[in-house]
Structure formats: C-alpha cells, structure tokens
Amino acid sequence: MLWYLPIIPRFKRLFANRDNAKDLTWHANGRNCDGMLCHLADSSQWKKIDILYPYFNKEAINLRLELVTDGMNPHGSLSTQHSSWPVLLVIYNLPPWWCMKQKYVMLSMMISGPRQLGNDIDVYLSSLTEHLTKLWDEGVLVFDGFRNDTFHLRAMLFCTINHIPAYENLSEYNVKGHHACPIYEEDISYIQLKHGRKTLYARHQHFLKPYHPY
C-alpha cells in the first residue's frame, strides 16, 4: 500500500507564512559568508550547481531538497512479515538549526507491505518523481507571504542520504561484487578471498593526495 502526501500544496502553505518564507532565503540573505563550511551553501556541490544552472540560482527562494528513505519494521520484531518505507524530504534553504527539525522534515510518502521493496521502489516513487520533475522543469505559481507577491517556485533534488542497501534500491546500482563503489567503479582495488569467497576492498590510501597523513 502507498500513501502519498502531495508536496506542492504543502510548499505553497509553507511560503504563505511570512516567517517561513523569510527563513527559506536564509542561505542567500542571512548566512555569514566567512569562508567557513557552516551550511551546505558553502559546499562545492552547491556552488557547482549555481554555475551549471544559473537560471535556478537566480531566484534564491528556489528549493534544494534532500530525499531520505529506508525500510523499517514498526512492530520492532524481525520475524514479523512487514516492511514500511517512509520517504522524507528535507529543505536545505533553511538555517542549519531548522533543517532537521521535525516541523520542516516533510513526510511525502509511506510505502507499506509484507516484504522489502527492492528495485520496485521506482514504481511507488513515480507520483513524487512527477511532482519533483514539474517543480524542476516548469515551476508552480506560489504566493510569498514575506514579499507579499507571487512567483514561480522551482525545486531540485539536491542529494539523497541513505545507507548502502537503500542506495542500491534507489539508484539501481549494484553495491556488491568487485565494483561496488559508485564513485570509483572499475578503478576500485579489490581482492577475492580464495577460501572465504568474499570480496575484500584494500589499498584505499592510493585515492588520497600525496603526503596525506593517512
């Protein structure tokens, strides 16, 4: 079973509140740009996106979202034939002391069933994907309670945070075997144990810069 809580009406209600609308531009208007890494807006990934998509960066109020999901058993028993997958969205425009507060962590989906979803999770995520695609391609007309004006809101999926098994389901990347690292892929160093039939990943220090303390 799938419960989908549409995200676009909830974003509209968020911006209708004057205080929330002001906080959603904190990364551009309230952040202390002192060269220190205090917010994701100071990161290289954020700055690279600003360069690649200047039309998106032009409006500071456009949303950058994180998607988080994982399977859990609400009954607390591993023997129970049940699996629930909450799908959460986190808004990174907010100040760091608000980003992870319960008030602003948005439950967009709950997928519940007798087994793990595996790669079939794509089917259930289609409704959320459709709305995220609309927010990225077209935008939606939203009233800004702080500026007392309407604007076209756009949003992007900035990143996902998951452990490795959930990452495999979301990206359909095989995280097992000889090329399990999604970053280095074929360049990863591995040893196949002869008797244990396990794969050992070694020599990771060769990815570090010369004279690195490790």
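How many bridges join strand 2 (residues 63-69) to strand 7? Six do, and the two strands run parallel. The model behind this is a predicted one, in which local features need pLDDT of at least 70, side-chain atom pairs count only at pLDDT 80 or more, and totals for chains, interfaces and linings use all residues. Residues are numbered from 1 along each chain as its sequence is written, and side-chain values use heavy atoms, with hydrogens and water left out. Helices (H or I, at least four residues) and strands (E, at least two) are DSSP runs, numbered from the N terminus; two strands count as paired if DSSP finds at least two bridges between them.

Strands 2 and 7 belong to an open sheet of five strands with the order 1-4-3-2-7 and mixed pairing. Strand 1 (2-4) and strand 7 (155-161) sit at the edges with a single partner strand each, so one side of each has no neighbour in the sheet. On average, neighbouring strands here are turned by 20° against each other, direction ignored. Axes are lines fitted to C-alpha atoms, for helices over the stretch in contact, and angles run from 0 to 180 degrees between N-to-C directions. Within the pairing of strands 2 and 7, Leu65 has Leu157 of strand 7 as its bridge partner.

Two helices can be placed against this sheet. Helix 4 (residues 44-52) lies across strand 2 and strand 7, and runs at about 155° to strand 7. Helix 8 (residues 126-137) packs on the sheet too, touching strand 1, strand 2, strand 3 (83-91), strand 4 (106-113) and strand 7; contact here means heavy atoms within 4.5 Å. The direction of helix 8 makes about 130° with that of strand 7.

Next come the buried faces of two other helices. Buried means under 20% relative accessible area, exposed over 50%, and partly exposed in between (1.4 Å probe, protein chains only). In helix 1 (residues 7-16), the buried residues are Ile7, Ile8, Phe11, Leu14 and Phe15. They cover an arc of only 115° around the axis, which puts them on the same side of helix 1; the arc is that of the directions from the helix axis to the C-beta atoms. An α-helix has 3.6 residues a turn, so residues three or four places apart point the same way. Helix 9 (residues 164-171) buries Ala166, Glu168 and Asn169. Those residues fall within an arc of 155° seen down the axis, so they line one face of helix 9. Their cover includes strand 2, strand 3 and helix 7 (121-124). Right after helix 9 comes Glu172, with a positive phi near 55°.

As for charged pairs, a search of the whole structure turns up three salt bridges, each a side-chain nitrogen of Lys or Arg within 4 Å of a carboxyl oxygen of Asp or Glu. One joins the side chains of Arg64 and Asp50 at 2.5 Å, N to O. This pair links distant parts of the chain, with Arg64 in strand 2 and Asp50 in helix 4, 14 residues apart. Arg64 is buried, at a relative accessible area of 2%.

Glu59, Asp144 and Arg147 are linked in a network of salt bridges. Between Arg147 and Glu59, the closest N and O atoms are 3.3 Å apart. Arg147 is in the loop between strand 5 (140-144) and strand 6 (149-153), while Glu59 is in the loop between helix 5 (54-57) and strand 2, 88 residues apart. Arg147 also meets Asp144, at 2.9 Å, N to O. Asp144 is buried, with a relative accessible area of 2%, whereas Arg147 is partly exposed at 42% and Glu59 is partly exposed at 28%.
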